[in-house]
Amino acid sequence: MQKAAVTRTPIYSSAPLNTPSPSSSTAASPIMGNASLATTATGTTGPVSWESLRKEVRQVELEIESKLTALSKTAVQTGSGRPGAGVGAGQGSSSSAGAAESPEELENNIEGLLEKLSRLVDAMSGHIDAQTQTNGQAPMTMVHHLQKHRDILHDYTKEYRKTRQNVRAARDHAELLSSVRDDINTFKNGGASGMSASDLLLNERARIDGSHRLADSALEQAFAVRKDLDSQRSALVNVNQRINNVAAQLPSVGQLIGKIQSRKNRDNVILSCVIGSCVVGVLYFVM
């Protein structure tokens with residue numbers, strides 16, 4: 001059986017993210033809602049400045065990056081069957097003397113950091129809304145920074161789900177290989193001769209269940225890819241609809257383009273006739 005491939009892609013990509021709009025209670029009182037959102041996200045009292053929000057967002061992003069790297073290494077170690085990984089990977093590594101976190105702890109920490117990053121991004125959005133209401137328009141640098149952090153949050157969330165699936169697939173693979181090794185060792189030690197038919201059937205059923213888990217993980221990955229393709233398709237359909245709406249709202253542009261094209265064709269015909277007449281006249285005088 002093949003091992004689950006674990007590859008990490010660059011985080012700072014340009015994948016778009018549709019962030020939900022603020023709730024109705026926040027929209028009813030934008031300034032007070034934005035201030036309370038920033039207070040909740042950062043854990044401080046009073047309004048929070050833009051620079052402090054950006055500093056905390058960058059710190060959380062670095063923590064998520066390190067946790068994702070550690071989780072990816074756990075998946076690689078589990079799939080390669082190194083000491084401290086495999087079936088007992090969920091209970092931590094004994095060789096590291098408890099220094100390394102287990103995959104479950106890493107997943108919980110990453111989920112908490114992603115929620116914190118989402119709250120901070122919402123707080124930055126609330127800060128921009130407050131700036132817009134106060135000054136009429138927020139600086140474009142703030143808007144660009146907000147969009148950048150939204151894209152990073154989307155990429156982190158997508159990579160975390162993919163890495164978590166790889167870790168679980170590698171764990172199932174390691175459990176299946178461990179079961180097979182145990183059966184082989186039992187057979188070599190002469191324990192298989194004393195096993196009953198029901199025990200052999202139970203062992204075979206356990207191996208089949210492990211194969212089913214691997215197949216389920218592969219299907220989950222396939223459905224995730226299909227979901228991504230559907231989202232890309234819907235985005236392209238929306239772009240096409242917008243282009244058609246713009247063309248429908250500006251019919252004069254189409255008419256102007258048609259007139260320019262017809263005039264160009266007419267000029268080409270006239271120029272061709274003049275060139276042909278000149279060629280005929282030259283040939284007539286030469287002959």
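**View 1. Helix 6, end to end.** Helix 6 covers residues 197-249, 53 in total, and its first and last C-alpha atoms sit 77 Å apart, close to the 78 Å expected at 1.5 Å a residue. That expected span is 1.5 Å times one less than the number of residues, and helices here are DSSP runs (H or I, at least four residues), numbered from the N terminus. This is a predicted model, so local features need pLDDT of at least 70 and side-chain atom pairs 80 or more, while totals for chains, interfaces and linings use all residues. Residues count from 1 along each chain as its sequence is written, and side-chain values use heavy atoms, leaving out hydrogens and water. Gly 210, Leu 214 and Ser 217 are the buried residues of helix 6 (buried: under 20% relative accessible area; exposed: over 50%; partly exposed: in between; 1.4 Å probe, protein chains only).

**View 2. Helix 4 and the glycine after it.** For the 33 residues of helix 4 (103-135), the expected span is 48 Å, and the end C-alpha atoms agree at 47 Å apart. Just past helix 4, Gly 136 goes to a positive phi of about 90°.

**View 3. The lone aromatic pair.** The structure has one such pair: Tyr 284 and Phe 285, with ring centres 5.8 Å apart and planes at 75°, so it's edge-to-face. Rings of Phe, Tyr and Trp (its six-membered ring) pair with centres within 6.5 Å; planes under 30 degrees apart are stacked, over 60 edge-to-face, the rest tilted. Tyr 284 and Phe 285 are both exposed.

**View 4. Val 253 in helix 7.** Val 253 belongs to helix 7 (residues 251-286) and is partly exposed, at 39% relative accessible area.

Definitions and conventions: Helix = DSSP H or I, 4+ residues; strand = E, 2+ residues; numbered from the N terminus.
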